[in-house]
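Thanks for coming, everyone. Let me put the structure up, and then I'll walk through it.

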Amino acid sequence: MRKLAVMFCVMLCLFASGCGSGNEKVKKTVKNVTKEETKELTSLLASSRKESLDRIKEEVIEEKTSYAHCEIKYPHLEEDEYQNVNKKILAEVKKLSGYDDIFESESDEVFGVTTIRLHYSTGTFNDRILSVLFEGEFRNNEAAHPVNLAFGLNLDLKTGEFLHIGEFSDVIRKKQNMERYIKEQVDGEEAEYREGLLSAWKEKGEEQFLESKRFYLSEGKVYFVLSIPAGSEAYQIICLE
């Protein structure tokens, strides 16, 4: 039923099946990646086809009904060989934004008016990797706060599969320095906010770190999206220097 609880479907997607694959699957992925493959992927992080970004077409889903409005922007690769990748991107965007719950539900019961807004920025893009960061919000006018949306889609263009952060062995090692990264990247005047981030990392960070859609790649760096438990599901993007 399309009640207030539908807002939390988005959150559940991000924290459960939608945004992660579970520790067991991540461990399996890491185990199956050879040292040569890991080295190859890592070397590709800094390589981005900026001159070829015009090969990415921006697509927009715009829908408006009496109970919901949406504007979702997402990338579409022009080459025919990437049609499977395009289908995966669209499917994940619809699922993680809450679009499926609102516009493709068979229920006729409505609770308030829902607005979904989502935009993206392209990170690493080369012959092997496409990384995209999505940000936006899911808002119901009957709820006190919107649900902030933030997730990354990282695809191996060679296989058409999603990349996991565990496939970059050097990134796993940097996890040990997460508290230092948080302290360095949050302004010193925001002591209370910084402490909230540190608390969020200690409480759920280890679990979030292994989720496949909690990170994105750009200019040779890896960025981790840390969710902060709150009414609006705040988040902080942390650069793993």
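One definition to begin: two strands pair if DSSP finds at least two bridges between them. Strands here (E, at least two residues) and helices (H or I, at least four) are DSSP runs, numbered from the N terminus.

Now the ground rules. This is a predicted model, where local features need pLDDT of at least 70, side-chain atom pairs count only at pLDDT 80 or more, and totals for chains, interfaces and linings use all residues. Residues are numbered from 1 along each chain as its sequence is written, and side-chain values use heavy atoms, with hydrogens and water left out.

Confidence next. pLDDT is the predictor's confidence in each residue, from 0 to 100. The chain averages 79, and 73% of the residues score at least 70. Among the elements, strand β2, residues 68–77, has the highest mean, 96. Helix α2, residues 22–32, has the lowest, 38. Across residues 1–33 the pLDDT is below 50, yet beyond near neighbours in sequence this stretch has 71 contacts in the model. A contact means heavy atoms within 4.5 Å. Where pLDDT is low, the predicted coordinates should not be read in detail.

The overall picture. The chain has eight helices and nine strands. Of its 241 residues, 49% count as buried. Buried means under 20% relative accessible area, exposed means over 50%, and partly exposed is in between, with a 1.4 Å probe and protein chains only. Take the contacts with a separation of 6 or more: residues 24 or more positions apart account for 63% of them.

Let's go to the sheet. Which strands form it, and in what order? Three strands, β7-β8-β9, make an open sheet with antiparallel pairing. β7 and β9 (234–240) are the edge strands, each pairing on one side only. On average, neighbouring strands are turned by 25° against each other, direction ignored.

Pair by pair, then. β7, residues 215–218, and β8, residues 221–228, are antiparallel over four bridges. Phenylalanine 215 stands opposite phenylalanine 224 in β8. Look at the side chains of β7: Phe215 and Leu217 point one way, Tyr216 and Ser218 the other, and all are buried. On the other side, β8 and β9 are antiparallel over seven bridges. There, leucine 226 stands opposite glutamine 236 of β9.

Two helices pack on this sheet. Helix α7, residues 178–185, touches β8 and β9, and its direction makes about 105° with that of β9. Helix α8, residues 191–209, also touches β8 and β9, and its direction makes about 105° with that of β8. Axes here are lines fitted to C-alpha atoms, for helices over the stretch in contact, and angles run from 0 to 180 degrees between N-to-C directions.

How do α7 and α8 meet each other? Their axes come within 10 Å and cross at roughly 145°. On the α7 side, the contact uses Met178, Glu179, Ile182 and Lys183. On the α8 side, the residues include Leu197, Leu198, Trp201 and Phe209.

Back to the β7–β8 hairpin. Two residues sit between the strands. One detail here is glutamate 219, which lies in that loop. Its phi is near 50°, a positive value in a residue other than glycine. Most residues other than glycine have a negative phi. Is glutamate 219 buried or exposed? Glutamate 219 is exposed, because its relative accessible area is 58%.

Two long-range links are worth a look. Asparagine 148 is in strand β5, residues 147–156. Asparagine 148 and alanine 234 are 86 residues apart in sequence, but 6.2 Å apart in space, C-alpha to C-alpha. At 24% relative accessibility, asparagine 148 counts as partly exposed.

The second is glutamate 161, in strand β6, residues 161–162. Leaving out residues up to four places away in sequence, glutamate 161 touches Lys88, Asn154, Leu155 and Asp156. Lysine 88 is 73 residues away in sequence, with 8.7 Å between the C-alpha atoms. Glutamate 161 is partly exposed, at 44%.

Last, the cysteines. Cysteine 70 is buried, at 5% relative accessible area. Cysteine 239 is buried too, at 6%. How many disulfides are there? A disulfide is a pair of cysteine sulfur atoms within 2.5 Å, and by this rule the count is zero.
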